[in-house]
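Visitor: Please take one helix of this model and go through its packing in detail. I would like the angles, the contacts and the criteria behind them.

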Amino acid sequence: MPRILIVEDEDIIRSAVRKLLLHAGYEVEDVGSVEEAEQNHDPDQFDLIISDLRLPGAAGTELINRAPNTPVLIMTSYASLRSAVDSMKMGAVEYIAKPFDHDEMLAAVESILARTAPTPNGNQGTPTATENSDPASIMYGQCEPMQRVFTLIRKVAPTETTVLVQGESGTGKELVARALHLLSPRATKPLISVNCAAIPESLIESELFGHEKGAFTGAVSARTGLIEAADGGSLFLDEIGELPAEAQARLLRVLQEGEIRKVGSTQSQKVNVRMIAATHRNLKAMTRTGEFREDLYYRLNVMQIRIPPLRDRQSDILGLARRFLVTQGSKVGRPNLNLSPEAMRALERHRWPGNVRELENAIERASILSDGDIITPSLLDLDSEGGDEYIPESLVAGNNEQLQAREPDSANDLSLEDYFQHFVLENQDRMSETELAQKLGISRKSLWERRQRLGIPRKKTSGN
């Protein structure tokens with residue numbers, strides 16, 4: 001049984017990852033710092049270390065040097081992608097951006113352990129496509145449309161072909177990219193995932209291509225771009241339709257010439273990257289309006305994989321719901337959670353505009369709010385409209401001083417989501433869910449949806 005060491009200073013996140021890995025059958029130990037890891041354990045005796053990037057005392061990347069024979073998976077917030085790239089250069093085998101979903105974490109762990117497992121002769125194995133995870137073990141789909149997707153992934157993954165993944169939000173486009181990577185000859189190299197819509201337009205070129213020192217105001221040192229960090233591996237560009245025009249032109253050169261040029265540099269350098277792009281938008285229509293380059297579209301659209309929306313996967317809905325129930329049941333300590341017949345019918349009748357992500361949110365919310373083992377339609381709350389979520393000014397003002405004391409170097413960069421996260425983490429031990437929601441000015445349902453999105457599971461207490 002593989003042994004995994006978790007190094008994370010946030011108790012609630014450490015506990016959630018621990019439970020997830022224990023449920024998946026791994027042997028797990030957890031500590032709050034690099035120093036504690038060395039005091040209580042021999043880090044080099046584990047099969048994998050999962051560490052937060054920012055820790056009290058030594059940074060998580062220190063474990064790369066202190067446990068040279070153990071692969072290290074770095075966890076980092078999306079705002080710290082540059083630091084994640086640096087950690088890859090230092091020797092981290094992979095990074096995962098917070099908040100991550102459970103399937104993403106388990107797939108990353110499985111991939112790392114598979115490619116570092118010793119072969120019968122005692123050497124580190126180099127996985128082939130057949131040794132890696134099958135797409136059906138990463139994504140769920142019994143219906144005919146999903147079986148066609150799996151067949152296409154199996155055929156395309158071993159090639160070097162550029163792939164365009166199309167599907168509505170919440171259908172699992174990143175899981176398709178992970179399956180394509182894990183089934184490819186590049187599985188031992190990094191898979192770098194970038195959400196093009198999450199990076200400000202003014203920074204996107206610097207993030208993707210890197211920059212030289214002095215290239216623009218604030219560029220106090222040279223930076224490696226995400227494309228260079230993916231050299232030898234795969235680059236997944238989610239929401240590629242949001243790329244600005246200049247970045248589109250630069251990306252076209254990568255696809256045509258296999259070259260990048262850092263912002264502020266006159267020199268180009270070769271890169272060997274397998275490109276996987278994804279979008280929920282109609283790129284072909286965008287080429288007619290000039291929003292997207294036609295030549296880039298045809299370079300990306302060599303092979304297209306379309307993920308069906310959940311409303312077209314009627315036979316998969318209950319199977320997905322049961323899988324989520326198993327996961328949520330283990331998290332809330334009720335392994336016998338089940339759907340009532342009425343709840344099953346409600347799930348099958350719903351249109352699922354948010355697709356699989358919406359279904360997972362509904363199951364998590366119902367699992368938390370249920371007082372027993374039976375999930376009823378009222379707990380699923382499928383007909384309610386959202387839009388009541390906001391963060392009051394009092395929350396921002398009331399916690400700004402506290403946040404500055406905790407992270408003085410980054411308080412000015414905190415988003416509203418960061419304020420929400422810190423408020424919940426610092427008050428949930430003394431407040432009930434109802435009190436937290438009232439203080440935040442949102443409903444209990446909205447509170448749980450934000451928890452899920454930000455990866456903040458509720459700490460179980462007798463008062464909630």
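Guide: H14 passes H15 in a right-handed crossing (the near helix is turned clockwise from the far one; anticlockwise by less than a right angle would be left-handed). The model is predicted, so local features need pLDDT of at least 70 and side-chain atom pairs count only at pLDDT 80 or more, while totals for chains, interfaces and linings use all residues. Residues are numbered from 1 along each chain as its sequence is written, and side-chain values use heavy atoms, without hydrogens and water.

H15 covers residues 341-349, and its axis lies 9 Å from that of H14 at an angle of about 120° (lines fitted to C-alpha atoms over the stretch in contact, with angles from 0 to 180 degrees between N-to-C directions). The two helices are therefore oblique to each other (not under 35 degrees, over 145 or 65 to 115). On the H14 side the contact (heavy atoms within 4.5 Å) uses Ile317, Leu318, Ala321 and Arg322, and on the H15 side Met344, Leu347 and Glu348. By class, 5 of these residues are nonpolar, none is polar and 2 are charged (Asp, Glu, Lys and Arg are charged; Ala, Val, Leu, Ile, Met, Phe, Trp, Tyr, Cys and Pro are nonpolar; the others, Gly among them, are polar).

The partner to take next is H16, residues 355-369, which packs against H14, residues 317-332, at about 40° with the axes 9 Å apart. That angle makes H14 oblique to H16. The crossing of H14 and H16 is right-handed. H14 brings Ile317, Leu320, Ala321, Phe324, Leu325, Gln328, Lys331 and Val332 to this contact, and H16 brings Val356, Leu359, Glu360, Ile363, Glu364, Ser367 and Ile368. The division here is 10 nonpolar, 2 polar and 3 charged residues. Ile317 and Ala321 of H14 occur in the contacts with both H15 and H16.

As for H14 itself (a DSSP run of H or I, at least four residues), its 16 residues reach 22 Å from the first C-alpha to the last, close to the 22 Å expected at 1.5 Å a residue (times one less than the number of residues). Buried positions in H14 (under 20% relative accessible area, 1.4 Å probe, protein chains only) are Ile317, Leu318, Gly319, Leu320, Ala321, Phe324, Leu325, Gln328, Gly329, Lys331 and Val332. Lys331 is thus a buried residue of H14 that also takes part in the contact with H16. Just after the helix, Gly333 has a positive phi of about 75°.

Technical notes:
Buried means under 20% relative accessible area, exposed over 50%, partly exposed in between (1.4 Å probe, protein chains only).
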